Amino acid sequence: MSTDRELVDAVLAKRAGAFERLVREYQGLVWHIVQRMVRQPEDARELCQETFLRVHRTLHQYRHDAALKSWIGRVAYSIALRHLEKRRIEIADIATGAEDDDVGLLDRVDDGFDLEAASADAELARHLRSAIETLPPLQRTIVTLYHLDELPLADIGAITGLAIGTIKSHLFRTRLQLRQMLESRLGAIA
Amino acid sequence: MNDTTKPLANPAHEREWQAQERAVHAERTHAAANADDARSREYRLIARALSEAPVDALPEDFAASVARQALADQRMPASDAEPFTSPFERQLLQLLVAVFGVAIGAVVVSMGGETLQSIGSSVRAISAYAHNPWMLALAACLALSAGGQLWRPRQR
């Protein structure tokens with residue numbers, strides 16, 4: 001947090017190279033959020049640039065009440081969300097966020113399935129990557145922030161504006177859905 | 001991992017969540033896979049796939065390029081900045097200009113004759129005064145005074 005403060009102070013004092021340092025520090029996170037939400041590489045690059053230009057214009061409003069990472073992530077998420085809304089793209093599979101609307105959810109997976117007998121990891125990983133690409137933007141972003149950026153649920157909540165329980169439910173259901181897909185894929189191969 | 005979060009309402013779902021989290025932890029700590037059951041192995045594969053970075057990436061000079069752009073935006077005078085940035089603002093401005101134009105047209109059509117008559121009579125009255133040399137001298141004084149007012153600020 002103190003590093004955040006030093007970096008923000010340096011940018012606000014217009015010290016040479018400070019803003020470029022800030023961009024380098026957070027461009028990975030911003031890219032993951034925007035790319036996972038939007039998917040189109042060209043649009044995603046433009047939105048990343050828009051994110052950092054907005055951060056530059058509004059950094060004086062940052063009050064250090066949240067980690068700078070969450071604040072910048074929130075800006076990126078809002079810009080990507082507005083982009084999808086303009087194009088009338090659904091950002092979430094509504095059912096995935098509601099925890100208890102499907103009691104039989106676990107019935108579709110088989111704990112006795114022999115994964116290694118069915119196929120090689122590389123092929124499975126390829127199918128998993130395709131399945132991840134087909135997830136709705138919100139679910140794709142949440143699982144990326146949790147698994148790739150290793151953010152705690154609270155930080156993901158700060159970025160997306162969703163309650164921790166909702167994020168947990170999205171994560172749980174998305175991973176379960178991927179497991180079901182994996183098993184149905186393996187069942188077809190075996 | 002996230003033990004402090006509220007458990008899922010359905011106990012079977014919470015157990016499944018715990019299995020997912022154990023697999024994430026095992027994957028992050030590179031724990032040996034020998035003792036894993038089928039469910040854990042599947043979730044470890046899923047955790048591995050989910051932690052892969054996207055294939056596309058930002059250009060290498062992205063940070064430098066954005067920093068240059070931010071600096072250029074900062075140096076741009078306010079008069080050069082786009083005053084109406086959103087499409088809604090631009091459309092609203094166009095609509096207001098159109099309404100203003102229509103209103104001017106309506107006024108000219110409804111009161112045009114009367115206005116032209118009034119302007120004509122004013123011109124005739126001014127031309128009558130113009131023949132008086134004292135009035136010409138007064139006009140010249142007023143013009144000189146106004147010209148002086150305009151010129152003065154430029155000296156500062």
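**Exercise 1. Check the span of H1(B) in this predicted model.**

*Solution.* Start with the residue count: H1(B) has 18 residues. Next, take 1.5 Å a residue; the expected span counts one less than the number of residues, and this gives 26 Å. Finally, look at the two ends: the end C-alpha atoms of H1(B) are 26 Å apart, so expectation and model agree.

**Exercise 2. Find the buried residues of H1(B) and say where they sit around the axis.**

*Solution.* Begin with the list: B:His13, B:Glu16, B:Trp17, B:Gln20, B:Ala23, B:Val24 and B:Glu27 are the buried residues of this helix. Now go around the axis: they cover an arc of only 120 degrees, and therefore lie on the same side of H1(B). As a last step, move past the helix: B:His30 follows H1(B) and has a positive phi, near 55 degrees.

**Exercise 3. Describe chain B as a whole, then the side of it that touches chain A.**

*Solution.* First, the elements: chain B has 5 helices and 0 strands, in the pattern α-α-α-α-α along the sequence. Of its 156 residues, 15% are buried. Second, the contacts: 34 residues of chain B are in contact with 45 residues of chain A. The elements of chain B that give two or more residues to this side are helix H1 (11-28), helix H2 (38-50) and helix H3 (62-75). H2(B) gives the most, with 10 residues. Third, the chemistry: this side of chain B divides into 20 nonpolar, 7 polar and 7 charged residues.

**Exercise 4. Name the residues that touch the most other members of the largest nonpolar core.**

*Solution.* The core has 62 residues, and those touching the most other members are A:Val30, A:Val34, A:Ala76, A:Ala80 and B:Ile46. Helix H2 (residues 18-38) of chain A gives the most to this core, with 11 residues. Now pick out A:Val34: leaving aside neighbours within four places in sequence, its contacts are A:Ala44, A:Leu47, A:Cys48, A:Thr51, A:Ala76 and A:Ala80. For background, nonpolar side chains tend to be buried together in soluble globular proteins.

**Exercise 5. Are A:Arg39 and A:Arg88 buried, partly exposed or exposed?**

*Solution.* Take A:Arg39, in the loop between H2 and helix H3 (41-58) of chain A. Its phi is positive, about 75 degrees, although A:Arg39 is not a glycine. With 16 other C-beta atoms within 10 Å, A:Arg39 is partly exposed. Turn to A:Arg88, in the loop between helix H4 (68-86) and helix H5 (94-97) of chain A. Phi of A:Arg88 is positive too, near 55 degrees. A:Arg88 has 6 other C-beta atoms within 10 Å, so A:Arg88 is exposed.

Conventions:
Residues are numbered from 1 along each chain as its sequence is written. Chains are lettered from A and ligands numbered from 1 in the order in which they are written. This is a predicted model: local features need pLDDT of at least 70, side-chain atom pairs count only at pLDDT 80 or more; totals for chains, interfaces and linings use all residues. Two residues are in contact if their C-beta atoms, placed from the backbone, lie within 7 Å. Helices (H or I, at least four residues) and strands (E, at least two) are DSSP runs, numbered from the N terminus. Ala, Val, Leu, Ile, Met, Phe, Trp, Tyr, Cys and Pro count as nonpolar, Asp, Glu, Lys and Arg as charged, and the others, Gly among them, as polar. A residue is buried if 20 or more other C-beta atoms lie within 10 Å of its own, exposed if 12 or fewer, and partly exposed in between; C-beta atoms are placed from the backbone. The arc is that of the directions from the helix axis to the C-beta atoms. A nonpolar core is a set of buried Ala, Val, Leu, Ile, Met, Phe, Trp, Tyr and Cys residues joined through C-beta atoms within 7 Å.
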